[in-house]
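Here are some comments on the model, set out as numbered points for discussion. They are best read with the coordinates open alongside.

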Amino acid sequence: MDASTSTCTCGSTEPHRVARRTLADGKRLELWSDGTMCTAFGFIVRGSPRPRTEDGIRAAMDAGWLVMGECEIFDFDDIEELIAAARWTATRNGTTGDVRDRFWSQRGANKVPKPVWSLASGGERWWVLPRLSVLRGLAVLDTGMAGRRRFRVMTRVAALGEDVTFAATGFEFASLREVTLHLAENV
Ligand SMILES: [Zn+2]
C-alpha cells in the first residue's frame, strides 16, 4: 500500500494536517498525516521524513509528534536538527525530554573543533583548544595508559613566554566522546 492511500487514525485516507504549531520566531510548522512536516504554505521542511510505506509513516508520525511537542521553543532554522533529534529519539522510544537532550548534545558536539594532538613524554598527548575559539584556555590531556585511558580537561594557569602551564579542572572522562560533550556545554 503506498503512502497516498494509507489510513490515518481518524479514518481519512487523504493526506491532511493533523497538528499545527507556532515556533519561537512566529513561523508555523505543520504535521501531516502522510508523515511529512510542512510550513504554513505547504512546503515540506528540510529534514522532514517523506515516507513511502505504512511502517515508514508510522515511524515518521512518532518522530513528528515528538517534534510537535518540542518545537514551540525553537526557531524555524533549528527545525532540521530538531527533526533529526526526534527521529533518533523515536527509534529508541524516548520522550520529548530526550529530544531536547539529543538536540543540544548534537549541536554542541558539532561546535567543538576536531582534536589536534601533540605527543608528549610517557605516551601522553595534549590537545590544546584553539586560541581563537570560545574554548581557549582549555586543553585535554590524554593519559594514554593502556586499559585505563583517561581524558583530563585542563585549564591554562600561567603563560611565561613560550612556557604554558595547565592545571587539572577535575573533569576527567573515559572517552573522547564524553570530553567533547563536556566541552560542548562550555561553547
Ligand atoms: Zn487524520
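1. Which residues in α2 meet which residues in α3? In this predicted model, the α2 side of the contact consists of Glu81, Leu82, Ala85, Ala86, Trp88 and Thr89, and these meet Asp98, Val99, Arg102, Phe103, Gln106 and Arg107 in α3. By class, the residues of this contact divide into six nonpolar, two polar and four charged.

2. As for the geometry of that pair, helix α2 spans residues 79-90 and helix α3 spans residues 96-111, and the two pack at an angle of about 125 degrees with their axes 8 Å apart. An angle of this value makes α2 oblique to α3, and the crossing in which α2 passes α3 is right-handed.

3. Helix α1, covering residues 54-70, also packs on α3, here at an angle of about 80 degrees and with the axes 9 Å apart. Because angles of 65 to 115 degrees count as roughly perpendicular, α1 is described as roughly perpendicular to α3. The contact brings Leu66, Gly69 and Glu70 in α1 to Thr96, Val99 and Arg100 in α3, and its residues comprise two nonpolar, two polar and two charged. Val99 of α3 is thus listed in the contact with α1 and also in the contact with α2.

4. A further partner of α3 is helix α4, residues 176-184, which packs against α3 at an angle of about 95 degrees, the axes again being 8 Å apart. That angle makes α3 roughly perpendicular to α4. From α3, Ser105, Gly108, Ala109 and Lys111 take part, and they meet Thr180, Leu181 and Ala184 in α4; the residues involved divide into three nonpolar, three polar and one charged.

5. On the domain level, the protein is divided into domain 1, with bounds 3-111, and domain 2, with bounds 118-184. The C-alpha centres of domain 1 and domain 2 lie 38 Å apart. When the α3 and α4 contact is discussed, it may help to keep in mind that α3 comprises residues 96-111 and α4 residues 176-184, while the domain bounds are 3-111 and 118-184.

6. Turning to the sheet, three strands form an open arrangement in the order β1-β2-β3, with antiparallel pairing. The strands β1 (17-22) and β3 (37-38) stand at the edges with a single partner strand each, so one side of each is left without a neighbour in the sheet.

7. Within that sheet, strand β2 (residues 28-32) is joined to β3 by two bridges, and the two strands run antiparallel. For checking the register, glutamate 30 stands opposite cysteine 38 in β3.

Notes. Residues numbered from 1 in each chain as written. Predicted model: local features only at pLDDT ≥ 70, side-chain atom pairs only at ≥ 80, totals over all residues. Axes fitted to C-alpha atoms, helices over the stretch in contact; angles between N-to-C directions. Helix = DSSP H or I, 4+ residues; strand = E, 2+ residues; numbered from the N terminus. Parallel < 35°, antiparallel > 145°, perpendicular 65-115°, else oblique. Left-handed = near helix turned anticlockwise from the far one by under 90°. Contact = placed C-beta atoms within 7 Å. Nonpolar A, V, L, I, M, F, W, Y, C, P; charged D, E, K, R; others polar. Domains from an automatic or database assignment. Pairing = 2+ DSSP bridges.
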